[in-house]
Amino acid sequence: MYVVWYTAMSIDGRIAGPGDDLSFLDAVDGAGEERDFDHFIAGLDAIVVGSGTLRWLHGQGHDVPHRGLPIWLLSHDEELAARAARADPAGTPVTRAEGDVAAVLDGIAAAGHERIWIGGGGNVAGQVLAAGRLDEIILTVAPSVLGDGPAAFEHPSLAAGRFELAECREYGRGSVRLRWLPATRPAEMIDATPS
């Protein structure tokens, strides 16, 4: 199993502003973002998302993060999971899960899924990082400072760790795309790992 946290953040590490405001993403101006994201999505088997992210999507008029990919919702909220499952019952299965994120990931792997996107938010990404199960981080850094809001990684027991920079490139006008892999990987995997 290969687990990726793919998101955008401000210079000060926020994935949203106060009140879950994502207007800072307007500054990304990423020519080619759709192509990059479509390529990324095409290589996935499943999505893991938290309840806060799914509620935000519902508030914006979206029903699921991406149709056609199985979704694991980390939440105690059975109604939220049922609402997402009703959105596309024939094509987008939704599984609600609780508890240890490592066990959830093991269950996803046991279901035959190999490449997983942590679709949000910072708490879920923090749990995966704390469990030592994050294989790649892809961040677009927007030319904005938000001062407050959820961080890219939010978990009370994050341990110190190191990652190796696998990619750094200008993205659009004024933004940067960064890709990191855990530093414990053999050097030959850094260039071979899919992005």
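Modeller: A quick word first: a helix here is a DSSP run of H or I, at least four residues long, numbered from the N terminus. Bear in mind that this is a predicted model.

Colleague: Thanks! What phi does G112 take, just after helix 4?

Modeller: G112 comes just after helix 4. Its phi is positive, at about 95°.

Colleague: Which side of helix 4 do its buried residues occupy, the same or opposite ones?

Modeller: The buried residues of helix 4 are V101, A102, V104, L105 and I108. Because they cover an arc of only 160° around the axis, they all lie on one side, the same side.

Colleague: Which element gives the most to the largest nonpolar core?

Modeller: That core has 24 residues, and W5, V48, I108 and I118 have the most contacts inside it. Among the elements giving two or more residues are strand 1, strand 2 and helix 5. The top contributor, with four residues, is helix 4.

Colleague: Which strands stand at the edges of the sheet?

Modeller: The sheet is open, with eight strands in the order 4-3-2-5-1-6-8-7 and mixed pairing. An edge strand has a single partner, so one side of it is left without a neighbour in the sheet. That describes strand 4 and strand 7.

Colleague: And which residue in strand 5 is the bridge partner of V48?

Modeller: Strand 2 and strand 5 pair in the parallel sense, over four bridges. In strand 5, the partner of V48 is I118.

Key
Residues numbered from 1 in each chain as written. Predicted model: local features only at pLDDT ≥ 70, side-chain atom pairs only at ≥ 80, totals over all residues. Heavy atoms only, no water. Core = buried A, V, L, I, M, F, W, Y, C linked by side-chain atoms within 4.5 Å. Buried < 20%, exposed > 50% of the residue type's maximum accessible area, 1.4 Å probe, protein only. Arc of directions from axis to C-beta. Pairing = 2+ DSSP bridges.
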